[in-house]
There are 2 protein chains.
Amino acid sequence: MTSSLTACELEVMQILWEHGELKPAQIQEKHPRPIKNAALRFQLKILLQKGHISRRKVGKAYYYQAVTAKKGALKKMARHLAQVYCQGSTVGLIAELIKTEKLSPQDLRQLQRLAESKDEA
Amino acid sequence: MTSSLTACELEVMQILWEHGELKPAQIQEKHPRPIKNAALRFQLKILLQKGHISRRKVGKAYYYQAVTAKKGALKKMARHLAQVYCQGSTVGLIAELIKTEKLSPQDLRQLQRLAESKDEA
DNA sequence: GAAAAAGTGTAGATTTTTCTACATATGAGC
DNA sequence: GCTCATATGTAGAAAAATCTACACTTTTTC
């Protein structure tokens, strides 16, 4: 199913994406807000159930790591955004962002080159 | 506060963004899933409280319309996405989308021109 | 091998979100 | 001014998400 991530779950996923394989106490330390060990472990349990992470036993502790890739999650979110705000058009979404976000000339040139090189491929 | 939108609230906002000013029964009809009148009205109540919509009385009914602009909401969501997936870099987010999304040559050229014209401005 | 340290499991409690049911109000038409 | 269809208001239930507290297990260390 790998259903979508809630805000709290995302906090945990971000840590795992950045740091790889960790045990609960380590995730707890890096957590953006103070969270009790058991509360964090509840999030891990849910993420396991949803299939977003996996764990393996090392010594007496379980180590957790992301299964759902960061890029995949981004892609999914972007699709959702396009659905809601641009009638499902991805290119519409990208265009809208280019139009409305503050971008430096360097940024714009970078994007130009990127589109160019991908067009040629 | 204008705090962020839940999935259910977003369903309602989408309808109001598309159709302008409507009364509950009309929103109910256009709702993507079957929803009871009172349940829908509860969503409207929350959206009012959060300041995302306003209402005015016409005859005996209230008509609701979006206060929070669609583009503003998109911007906010995009910022959030950039925060989570690209260390807060908007241009990083756009680049990632161009790289990973399937885009036709026409799409790519359109984006190129867009970046170009914005660069010149 | 007993005690301390570090870890796990899990049963409720709380909070937030969402829905249901029903009582009450209002405007149109006769 | 009644009546009926259409609205609204609201109390409380249900469901989902999150947290707390505490008991139990496994290493490690002395």
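A residue is near a strand of DNA if one of its heavy atoms lies within 4 Å of that strand. With that cut-off in hand, the tour may begin; the model shown is a predicted one.

**First stop: DNA strand D**

Select DNA strand D and the protein residues around it. Helix 3 of chain A gives the most to the surface near this strand, with four residues. Helix 3 and strand 2 (61-66) of chain B also supply at least two residues each. The strand has 17 residues around it, and those that come nearest are Arg33(A), Phe42(A), Lys23(B), Arg41(B) and Tyr62(B). By type, the residues of this surface divide into seven nonpolar, three polar and seven charged.

Colour the DNA atoms next. Of the atoms of DNA strand D within 4 Å of the protein, sugar or phosphate accounts for 55%, and bases account for the rest. Three side chains of chain B merit individual selection:

- Lys23(B) has a side-chain N or O atom 2.5 Å from a phosphate oxygen of DNA strand D.
- Arg41(B) has a side-chain N or O atom 2.2 Å from a base nitrogen of DNA strand D.
- Lys60(B) has a side-chain N or O atom 2.8 Å from a base oxygen of DNA strand D.

**Second stop: DNA strand C**

Move to DNA strand C and select its surroundings. Which residues come nearest to this strand? Of the 20 residues around DNA strand C, they are Lys23(A), Arg41(A), Tyr62(A), Arg33(B) and Phe42(B). Of the atoms of DNA strand C that come within 4 Å of the protein, 59% belong to sugar and phosphate.

Display the side chains of Lys23(A), Lys60(A) and Gln43(B). An N or O atom in the side chain of Lys23(A) lies 2.6 Å from a phosphate oxygen of DNA strand C. For Lys60(A), the partner is a base nitrogen of DNA strand C, at 3.2 Å from a side-chain N or O atom. Gln43(B) has a side-chain N or O atom 3.4 Å from a phosphate oxygen of DNA strand C.

Now widen the selection to whole elements. Two or more residues of the surface near DNA strand C come from each of helix 2 (24-30), helix 3 (37-50) and strand 2 (61-66) of chain A, and from each of helix 1 (7-19) and helix 3 (37-50) of chain B. Helix 3 of chain B gives the most, with four residues. The residues of this surface divide into eight nonpolar, four polar and eight charged.

**Third stop: the hairpins**

Select residues 53-58 of chain A, which form strand 1, together with strand 2 of chain A; the two pair in the antiparallel sense over six bridges. Within this pairing, Lys57(A) has Tyr62(A) as its bridge partner. The two strands form a hairpin with two residues between them, and Gly59(A) in the turn has a positive phi of about 65°.

Repeat the selection in chain B. Strand 1 (residues 53-58) and strand 2 of chain B run antiparallel and are joined by six bridges. Here Ser54(B) stands opposite Gln65(B). These strands of chain B form a hairpin with two residues between them, where Gly59(B) in the turn has a positive phi of about 65°.

**Fourth stop: between chain A and chain B**

Show both protein chains and select the residues in contact. Chain A contributes 41 residues and chain B 41 residues. Together the chains bury about 4,300 Å² between them, 69% of it on carbon and sulfur atoms.

Six salt bridges cross this interface. To view one of these charged pairs, select Arg79(A) and Glu101(B), whose closest N and O atoms are 3.2 Å apart in a salt bridge. The interface also holds 13 residue pairs in polar contact.

Four helices give two or more residues to the side of chain A that touches chain B: helix 1 (7-19), helix 4 (70-85), helix 5 (90-100) and helix 6 (105-120) of chain A. Helix 4 of chain A gives the most, with 13 residues. The residues on this side of chain A divide into 21 nonpolar, eight polar and 12 charged.

**Last stop: a salt bridge within chain A**

Over all chains, the count comes to 12 salt bridges. Select Glu11(A) and Arg33(A), whose side chains meet in a salt bridge with an N to O distance of 2.8 Å. Glu11(A) lies in helix 1 of chain A and Arg33(A) in the loop between helix 2 and helix 3, so the pair ties together parts that are 22 residues apart in sequence. Arg33(A) is also among the residues that come nearest to DNA strand D, where the tour began.

Notes. Residues numbered from 1 in each chain as written. Chains lettered and ligands numbered in written order. Predicted model: local features only at pLDDT ≥ 70, side-chain atom pairs only at ≥ 80, totals over all residues. Heavy atoms only, no water. Contact = heavy atoms within 4.5 Å. Buried area = accessible area lost by both parts, 1.4 Å probe. Salt bridge = Lys/Arg side-chain N within 4 Å of Asp/Glu carboxyl O. Polar contact = N/O pair within 3.5 Å; in protein donor to acceptor, adjacent residues only side chain to side chain. Nonpolar A, V, L, I, M, F, W, Y, C, P; charged D, E, K, R; others polar. Pairing = 2+ DSSP bridges.
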